[in-house]
Every structure is written in C-alpha cells, then in structure tokens.
Amino acid sequence: MPARAPDMPARQSARRGERLELKGLRRDFSGFAALKGLDLTIEPGEFVALLGPSGCGKTTALNCIAGLTPLTAGSISLGPLRIDQLPPERRGFGMVFQSYALFPHMTARKNVGFGLAMQNVARREAAQRVDEALTLVRLAAQADKLPGQMSGGQQQRVAIARAVVIRPPVVLMDEPLSNLDAKLRLEMRGEIRRIHEAIGSTTIYVTHDQDEALSMADRIVVMRDGLIRQTGSPTDLYERPAHVDVAEFMGFRTQLPGRVVTSDGTRATIEACSSTLQVLQRGPLAEGQAVVLMMRPEDLVAGPVGIPVTVRIAEYRGRAFFGAAETADGTELFFRSDKPTGAGDRITVAARPEQILLYPAAAA
Ligand code: ATP
C-alpha cells in the first residue's frame, strides 16, 4: 500500500468539513430548562465563541454537541448526517476542558496518542501524527514529560494536541484558559487561534470572558437564560449590541433612564438625570418616548460640562482614573477622569453622541 503523504490528511479532512446545524436544541434538568430552543448554523472552519454569564447554558450546549449530554428535544446535524443520537466517540469531536483532564501517569506523548490507540490507528502512523500534533502546539521537546512535570499552559497545550490529533471535524473548548494566569491567557489566545487556522477544523469555544471572545472568534454567540440573545462578528457585538443586557455584558456599564425631547431622524436630544444629552439615532423615536442610554466607563469622561455627579469611588489605573459616581437622584454612573479625583468630589461627566447607545425603554 502506498504511504500516505505525511502532513496532508489533517488539512484535507478539515477542508472537507461540513456545516454543523443545531435546530431547536432543548435540554431540561428535572424540569429546569437549561437550553430553551437553540438554533445555530456553524460553517466549516468557523471559530465561534459561545459567550454569556454563568449559568446561561454554554456548557450544556457544548456537552449536547459533544454527545456527553442527551438532548430533550431538537436535532444536531453535521452536513447531511444527523448526529444527535450518536455516542461521543462516533461524533469524533475533539474536546478541551478547563481542567485539562490529562492522564497523570502518562507522558505528554502517550496522552496525545491515547485517542489514536483507541481508534486502532497503526503504530507508525500514530507516532507520526502525535509528533505532528506536539510540534503544532510547540511541545515537541517536552514529549516525554508527565503532566505533573509541566506548567498549566503546557498541560493545556497537551490537551489541545490530544483534541486535534484525531483530526476532528469540530473542536469543542470549554473555558480552556480559565486556570491560567493573566499573562499566559493572553499568550494562549493567540496560540489557539493559530492552531485553529493550521488545522482548519471548526472550533466552538465557550467563555464568559468578552475579551477572549472578541480577540479570537470569527463570530460570537451571546447567550442568556438558555437562549441566544445575539450573534454577530466581534465588531457587531462590541459596537452594536442589540439589547440592553447584551450591551451590559459587552461593557456598557452605565444605564440611564431618559426621555426623548426632540429627534430629527439622525440625532436625538434626550433628557436624562436632569441633563440634556445628544445621541446618534439608529431607529425611529417619538417625542416623549422613554429610552435607556448606555455608555462605557472609558467613554463617559470627566470634563467642564455634562451630567453633575458626586464621585463615590475612584482608582488610578495607569493613564487615567476610573470610578463610580452618583447623580442627585441616586443613579449610578461609571466614568473616566484624566485628572486625579476621589470620593466626595463634585464633577461633571459627558460622552460623545456616537459613544452612547440608545434603546427604547419598552424593549429593555
Ligand atoms: P458557567 O459559565 O458557570 O459554567 P454555563 O453558562 O456553562 O455556566 P451551564 O453549566 O450550561 O451554564 O448550566 C446551565 C444551567 O443548567 C444552570 O442553571 C445549571 O445549574 C443547570 N445545570 C447544568 N447541568 C445540570 C445538571 N447536571 N443537573 C441539574 N442542573 C444542571
């Protein structure tokens, strides 16, 4: 039999990737609906982040896709094949967990090769694929170490190599960086994206960290209470969150109730906290309509004019001070000041019209 080209099958099988389709995914736990009907199509080779607060159903969704948790209702298809009745090993997806889940008594090489041995891949081919996978995660020199002799970051690389060595059509990652320190997390984000591109598989990545999702994903799926709230590119999500709760999750911490004074279709004048604010308009508004305004702390800046507030707390974070303040009616705002400020100071804060998000109060 002719030998296979040494480095091609991983890429080829990945390119032959199929679309993953989730339809009406539902999962109940003793009457509690953890997933309430998830519809999502993921294109081959896409890097999708499932993002949302704790308990919104991210891990349940990932486990349902992996086959670790059976569905209560709905279907999962990979290309033309319905897979939701298949056991995890027949789906053949690679999984990476927060806890690494390595065998402590096996070397990195043995851990990575374990799945191939289970699949009865011939010894020579398995050895070659393990070497390729360890090289891909830049661990070739550490191949004979036990997990206990490796750093957290190295152990997670072993776990990633183990997930990709089986040449899965889909790699599932559940908060893989949560156990690492901040510096290593940053470094590993780039590494995971590089590996994703090198193998060409579809990646589904669960996280509650918006920075991770923004920096790594092609598309972000924001979940809440077992449902998808919004899907879009990182820019869409960062700049145009569709709902107040998504905006809050994406860092728009200040929320002010207001009322439309005038609107000309492109700009609106809003009365909020006894002040008047100019806001860019993205949809129709009626005079007198109740709205919610949202702003990021870095955009709501202390200056000569704006909403009068009393500083409650402020801390120096390198270039600027960031703090929380209160208006006379007790509304809380989160602001930035380029000059020193502290508790009890009376200041005014303002944001530029294009930095303020506006939502109809009813839809909030
Ligand atoms: P986190 O970021 O904290 O891991 P998550 O978004 O991944 O949260 P899930 O772990 O999917 O959330 O849980 C969703 C909901 O389902 C939670 O309310 C959780 O308590 C519940 N849940 C998950 N697994 C089970 C289970 N085996 N039995 C009962 N309830 C469960």
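**Two domains and what lies between them**

Let's start with the overall layout: the domain assignment divides the protein chain into domain 1, covering residues 3-245, and domain 2, covering residues 255-363. Keep in mind as you explore that this is a predicted model. Taken over C-alpha atoms, the centres of the two domains are separated by 40 Å.

Where do domain 1 and domain 2 meet? On one side 6 residues of domain 1 take part in the contact, and on the other 7 residues of domain 2. The size of an interface is often given as the accessible area lost when the parts come together. Here domain 1 and domain 2 bury about 580 Å² between them, and 53% of that lies on carbon and sulfur atoms. On the domain 1 side, look for Tyr238, Pro241 and Val244: these residues lose the most area to domain 2, together 73% of what their side buries. As for polar links, 2 residue pairs are in polar contact across the interface, while the count of salt bridges between the domains is 0.

Now let's look at the nonpolar cores. The largest one has 45 residues, and the members that touch the most others are Val112, Ile160, Ile192 and Ile220. Several elements each give two or more residues to this core: strands S3 (47-51), S7 (170-174) and S9 (219-224), together with helices H4 (108-118), H5 (123-136), H6 (152-164), H7 (182-199) and H8 (210-216). Helix H6 supplies the largest share, 6 residues.

Ile160 is a good residue to zoom in on. Setting aside neighbours within four places in sequence, Ile160 is in contact with Val96, Val137, Met173, Met188, Ile192 and Ile195. There is also a second, separate core of 27 residues, with Leu20, Ala66, Leu78 and Ile204 among its members.

For a last stop, travel along to Val291, which is found in strand S14, residues 290-295. Is Val291 buried or exposed? Its relative accessible area is 2%, so Val291 counts as buried. What surrounds this residue? Again leaving aside neighbours within four places in sequence, Val291 is in contact with Leu256, Pro257, Gly258, Arg259, Val260, Ile270, Leu285, Leu358, Tyr359, Pro360 and Ala361. To get a feeling for distance in the model, find Leu139 as well: Val291 and Leu139 are 152 residues apart in sequence, and their C-alpha atoms are 54 Å apart in space.

Conventions
Residues numbered from 1 in each chain as written. Predicted model: local features only at pLDDT ≥ 70, side-chain atom pairs only at ≥ 80, totals over all residues. Heavy atoms only, no water. Core = buried A, V, L, I, M, F, W, Y, C linked by side-chain atoms within 4.5 Å. Buried < 20%, exposed > 50% of the residue type's maximum accessible area, 1.4 Å probe, protein only. Helix = DSSP H or I, 4+ residues; strand = E, 2+ residues; numbered from the N terminus. Contact = heavy atoms within 4.5 Å. Domains from an automatic or database assignment. Buried area = accessible area lost by both parts, 1.4 Å probe. Salt bridge = Lys/Arg side-chain N within 4 Å of Asp/Glu carboxyl O. Polar contact = N/O pair within 3.5 Å; in protein donor to acceptor, adjacent residues only side chain to side chain.
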